[in-house]
Amino acid sequence: MLIQETGEIICWGGNEKGQLGLGNYEDVYTPQKIDSLSKAGLKISYIAAGGDLNLCCSEEGHAFAWPFIQNGIKQSIPQRMPFSDKTKIQKVTCGHNFGFFISLQGLVYAFGEDNSDG
């Protein structure tokens, strides 16, 4: 993944788990824009890719994750994380199946597939 100067995310590569955020599970060999974020008018300021998880945040402080399981349904497009309107996320980072969100206020939020290893 990469961020263009326009704040749009471009991605390509393996996509068997929906990790490209394009809404499908097909591998992509030419760079493609993640339309769901672009169409929402969001300017992405930070991205992180970790294997089975990708994160990003916008200049407005909104955070997104994908692929994401919501109510038992796997989502292969970026899903907005349910932070309060007062919480503005400025940076993200992630590993294979866990992620961290860092707010403007200096708070760190963590989540992951499970917590079997702490």
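Student: What makes β4 and β9 the edge strands of the open sheet?

Tutor: In this predicted model, four strands form an open, antiparallel sheet in the order β4-β5-β6-β9. Strands β4 (44-49) and β9 (79-80) each pair on one side only, and these are the edge strands.

Student: How do you know that β5 and β6 pair?

Tutor: Two strands pair if at least two bridges are found between them. Strand β5 (residues 54-58) and strand β6 (residues 63-66) share four bridges in the antiparallel sense, so the criterion of at least two is met. Cys57 stands opposite Ala63 in β6.

Student: Why is the pair of Phe83 and Phe101 called edge-to-face?

Tutor: Their ring centres are 5.3 Å apart, and the limit for a pair is 6.5 Å. Their planes stand at 75 degrees, and planes over 60 degrees apart count as edge-to-face. Phe83 lies in the loop between β9 and β10 (89-94) and Phe101 in strand β11 (residues 98-103), 18 residues apart.

Student: Why is the pair of Phe101 and Phe111 called stacked?

Tutor: The centres of these rings are 5.5 Å apart and the planes are at 10 degrees; stacked pairs have planes under 30 degrees apart. Phe111 belongs to strand β12 (residues 108-112), so this pair ties strand β11 to a part ten residues apart in sequence.

Student: Are Phe101 and Phe111 buried, partly exposed or exposed?

Tutor: Phe101 has 3% relative accessibility and is therefore buried, since the cut-off is under 20%. Phe111, at 27%, counts as partly exposed, because that class runs between 20% and 50%.

Student: Which residues form the aromatic cluster?

Tutor: Phe83, Phe101, Tyr109 and Phe111 form one cluster.

Notes
Residues are numbered from 1 along each chain as its sequence is written. This is a predicted model: local features need pLDDT of at least 70, side-chain atom pairs count only at pLDDT 80 or more; totals for chains, interfaces and linings use all residues. Side-chain values use heavy atoms; hydrogens and water are left out. Helices (H or I, at least four residues) and strands (E, at least two) are DSSP runs, numbered from the N terminus. Rings of Phe, Tyr and Trp (its six-membered ring) pair if their centres lie within 6.5 Å; planes under 30 degrees apart count as stacked, over 60 as edge-to-face and the rest as tilted. Buried means under 20% relative accessible area, exposed over 50%, partly exposed in between (1.4 Å probe, protein chains only).
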